[in-house]
Amino acid sequence: MQITCKDRERIFLDGSAHEWRGLEFHAASCAECAEEVRAWKALSAAAEELRDYQESPALWPRIATALAQQAEQSVMGKSWLERLAFWRRAPMVWQAALAGALALLMAVTAGYLYLQSGPGKGDPNSPLLKDRTLAQVERSERDYVKAIDKLAAEAKPQLDLPASPLMASYNEKLIMLDSAIDELRMQAGQNPSNAHLRYQLLAMYQGKKVTLQDVLETKR
Amino acid sequence: MGSAGATLPWELRISAVAREGTSRVELSDRGAQSNPETGIPEDAALATACRAGDLHAFERLYRLQGARMKNLARNLLGTTSDAEDAVQETFLKVQRSIASFRGQSSFVTWMFRILVNTCHDLRRRRMRRKEVVPEEREEGARPAEPRAPGGHPSLKLALNRAIAQLTRHQRDVFLLYEVEGFRHAEIAEMLEISESASKNTLFQAKRNLRQVLEAPRSSQAGGA
């Protein structure tokens, strides 16, 4: 490799061993480069003056005492968060699995608490309660109406052809009750959660049931 | 700093200790030569043992690196007392933060990074408290430091003063490379710079040092 004065700075900066040999070969015949190379190397040699590796006999005992004290304090004062620090060294898969498990546990716990002691249980004005109770009332009402309709079917022959003024009176009463029931059912359909309407409707059904029982009693 | 404080030109004074062919730049494999005790297996084993809290591992680390750590700290801070404080503080920091060491760099490199930062912190703290006296007075008032056998006192003084004129990064790189024998790759990890930045910084540091150290001779020549 042909080294010239122009290569000198570059070799000082980042020259390979081969390039340095080339520079020294060139410096043998170039006074300027010879001086520069000598001065450059002299700096490295001078740096050795700053190398003083004499022992300090008291230093290690001092450091060892400080390390022991710090280790003791660390064990005594370790917070629970620091105790969990070992997870930071765990593989990412395990860290992710732990995070997922904790999130799932929190979600399940929150759901359980919500269902057990949340607004669904204690607050009577809760929409959840209204919907569920209303459905229950309507289901009972349908069963009750079915049962009364069975009674009405049994009493129908006597009522269609009343054999006595009493039977005619029962018939009129039942027509009036059916009319009132239809009207209340229409109102309840528009305002299903109105408990007052439901009680009135129940009273009408009870009246119809008693009247039909009376009709059937008269027949016997 | 007006002069290097020496009566002889620096090149004449160091010529006696300059060894031809020992330039660090010339040796591509010098890392293996300069740090035979810090091979990777030992390094990794030490890191593991220190993480386990083994005090003997810290002692082994001190036996391997303590002298070099103290030397670097003394060159950065100026006194043996401060250097010993910095080395102790570094060991305590290593113990506190060993859990965060994940082995991206060598354990020794990681520890020296802590040491360099600790030295700069100590230096800053001293500056804030105005405990640092001007360089000239500090040098003059400093008690005689134990020297390496064969060391030249006036050369060491001149070099110390010249190094004090470098930028922080230039000083760090020069001391780590030329004095402590680290490779550019290791220095790059310690100082969190690129390897080429480390080479560039060393180049600039040596150029600046040369200028500072040559100044007396130039002024002498001018005065004659």
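Colleague: Which residues in helix 4 of chain B meet helix 4 of chain A?

Modeller: In this predicted model, the chain A side of the contact consists of A:Leu59, A:Trp60, A:Ile63, A:Ala64, A:Leu67 and A:Ala68. By class, the contact has nine nonpolar, one polar and one charged residues. On the chain B side, the residues they meet are B:Leu55, B:Phe58, B:Glu59, B:Tyr62 and B:Gly66.

Colleague: Nice, and at what angle do these two helices pack?

Modeller: Two packed helices are described by the angle between their axes and the distance between the axes. Here the pair is helix 4 (residues 59–76) of chain A and helix 4 (residues 55–77) of chain B, with axes 11 Å apart. Helix 4 of chain A passes helix 4 of chain B in a right-handed crossing. The packing angle is about 145°.

Colleague: How many helices does chain B have?

Modeller: Reading along the sequence of chain B gives the pattern α-α-α-α-α-α-α-α-α-α-α. That goes with zero strands, and the helices of chain B number eleven.

Colleague: Where does the largest nonpolar core lie with respect to the domains of chain B?

Modeller: This core has 55 residues, and those touching the most other members are B:Ala73, B:Met111, B:Leu115, B:Phe174 and B:Ile187. Its largest share, nine residues, comes from helix 6 (residues 107–128) of chain B. Since both domain 1 (1–17 + 152–224) and domain 2 (28–143) of chain B give residues to the core, it lies between them.

Colleague: And which residues does B:Phe174 touch?

Modeller: B:Phe174 is one of the core residues that touch the most other members. Leaving out residues up to four places away in sequence, B:Phe174 touches B:Ile163, B:Leu166, B:Leu202 and B:Ala205.

Colleague: How many residues are in the other core, the one that lies apart?

Modeller: In soluble globular proteins, nonpolar side chains tend to be buried together. The other core includes A:Ile11, A:Trp20, A:Leu23 and A:Cys33. Its residues number seven.

Colleague: Is A:Trp20 buried or exposed?

Modeller: A:Trp20 is found in helix 2 (residues 17–27) of chain A. The cut-off for a buried residue is 20 or more other C-beta atoms within 10 Å. A:Trp20 has 21 such atoms within 10 Å, so it is buried.

Colleague: What separates the C-alpha atoms of A:Trp20 and A:Arg8?

Modeller: Happy to check that one! Along the chain, A:Trp20 and A:Arg8 are twelve residues apart. Their C-alpha atoms are separated by 9.0 Å.

Notes. Residues numbered from 1 in each chain as written. Chains lettered and ligands numbered in written order. Predicted model: local features only at pLDDT ≥ 70, side-chain atom pairs only at ≥ 80, totals over all residues. Core = buried A, V, L, I, M, F, W, Y, C linked by C-beta atoms within 7 Å. Buried ≥ 20, exposed ≤ 12 C-beta atoms within 10 Å, placed from the backbone. Helix = DSSP H or I, 4+ residues; strand = E, 2+ residues; numbered from the N terminus. Domains from an automatic or database assignment. Contact = placed C-beta atoms within 7 Å. Axes fitted to C-alpha atoms, helices over the stretch in contact; angles between N-to-C directions. Left-handed = near helix turned anticlockwise from the far one by under 90°. Nonpolar A, V, L, I, M, F, W, Y, C, P; charged D, E, K, R; others polar.
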